[in-house]
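I opened this structure without knowing it. I wanted short notes that a newcomer could follow.

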Amino acid sequence: MKYRTIVPALLGAGVAAALVGAPAASAATAPSGGKVSAAATHHKSASCKSPKGSKINISWGDGNVSTTVYYNNHCSQKRAIWLDFRRSNGTYFSKCFVAPAKKKSHKKIGNSMPYKVSILSKGSC
């Protein structure tokens, strides 16, 4: 009669031990150092022709599928933002868009990890 109460208790303890051990096992398989790498964020700015002392600021990250460029254009004129990409087969291509004057927004581009980003002094691509 005692076995009927001891066996369920032992099984419950075994399940609890397995659940407690599961996170420890997954932590053991984490990359060394336990650090998670985040995509790098890049920043760039350029001076405005007017108003004097103002800038256009942009930032973008190293995405896997796409690149989103965030911009804050303090200039009184629109500015073009040029991105250069390299395909896995070694060919190159570019994407360009215009940041309107006195606007803050973002633009998502369906390609990832540009190797060069430029803020053009003119407002067209």
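My entries below go through the core, the rings, the sheet, the disulfides and two residues of one strand.

**Entry 1: ground rules**

I noted that this is a predicted model, where local features need pLDDT of at least 70, side-chain atom pairs count only at pLDDT 80 or more, and totals for chains, interfaces and linings use all residues. Residues are numbered from 1 along each chain as its sequence is written, and side-chain values use heavy atoms, with hydrogens and water left out.

**Entry 2: the core**

I looked for a nonpolar core, meaning a set of buried Ala, Val, Leu, Ile, Met, Phe, Trp, Tyr and Cys residues joined through side-chain atoms within 4.5 Å. Buried means under 20% relative accessible area, exposed means over 50%, and partly exposed is in between (1.4 Å probe, protein chains only). The largest nonpolar core has 17 residues. Those with the most contacts inside it are Ile 56, Ile 58, Val 69, Ile 81, Leu 83 and Phe 97. I then asked which elements give two or more residues to this core. They are strands S2 (55-61), S3 (67-73), S4 (79-86), S5 (92-99) and S7 (116-119). Strands here are DSSP runs (E, at least two residues), numbered from the N terminus.

**Entry 3: Phe 97 and the rings**

I picked Phe 97 from the core list. Is Phe 97 buried or exposed? Phe 97 counts as buried, at 7% relative accessibility. I listed its contacts (heavy atoms within 4.5 Å). Setting aside residues up to four places away in sequence, Phe 97 touches Val 69, Tyr 71, Arg 79, Ala 80, Ile 81, Leu 83, Lys 107, Ile 109 and Cys 125.

Next I searched the whole structure for aromatic pairs, and 3 turned up. The rule takes rings of Phe, Tyr and Trp (its six-membered ring) with centres within 6.5 Å; planes under 30 degrees apart count as stacked, over 60 as edge-to-face and the rest as tilted. Tyr 71 and Phe 97 form a tilted pair, 6.0 Å centre to centre with 45° between the planes. Tyr 71 lies in strand S3 and Phe 97 in strand S5, so the pair ties together parts 26 residues apart in sequence. Tyr 71 is buried too, with a relative accessible area of 9%.

Phe 85 and Phe 93 make a stacked pair, 5.1 Å centre to centre with 10° between the planes. Both Phe 85 and Phe 93 are buried.

**Entry 4: the sheet**

I followed Phe 85 across to its partner strand. Phe 85 stands opposite Phe 93 in S5. S4 and S5 pair in the antiparallel sense over 8 bridges. Two strands pair if DSSP finds at least two bridges between them. What is the order of the open sheet of 3 strands? The order is S5-S4-S7, with antiparallel pairing. S5 and S7 are the edge strands, each pairing on one side only.

**Entry 5: the disulfides**

I counted disulfides, taken as pairs of cysteine sulfur atoms within 2.5 Å. The count comes to 2.

One joins Cys 48 to Cys 75, S to S 2.0 Å. Cys 48 sits in the loop between S1 and S2 and Cys 75 in the loop between S3 and S4, 27 residues apart. The link of Cys 48 and Cys 75 is left-handed, with -80° about the S-S bond. Both Cys 48 and Cys 75 are buried.

Another joins Cys 96 to Cys 125, S to S 2.1 Å. Cys 96 is in strand S5 and Cys 125 in the segment after S7, 29 residues apart. Why is the disulfide of Cys 96 and Cys 125 left-handed? The torsion about its S-S bond is about -85°, so the disulfide is left-handed. Cys 96 is partly exposed at 26%, and Cys 125 is partly exposed at 49%.

I wrote the pattern down as 1-2, 3-4, with bonded cysteines counted along the chain.

**Entry 6: two residues of S1**

I finished in strand S1, residues 41-47, which holds Ser 45. Ala 46 is found in S1 as well. Ser 45 is partly exposed, with a relative accessible area of 37%. Ala 46 counts as buried, at 16%.

What does Ser 45 touch, not counting residues up to four places away in sequence? Ser 45 touches Lys 55, Ile 56, Asn 57 and Ile 119. With neighbours within four places left aside, Ala 46 is in contact with Ser 54, Lys 55, Ile 56, Arg 79 and Ile 119.

I also noted C-alpha to C-alpha distances. Ser 45 and Asn 73 are 28 residues apart in sequence and 9.5 Å apart in space. Ala 46 and Ile 58 are 12 residues apart in sequence and 9.0 Å apart in space.

Methods. Helices (H or I, at least four residues) and strands (E, at least two) are DSSP runs, numbered from the N terminus.
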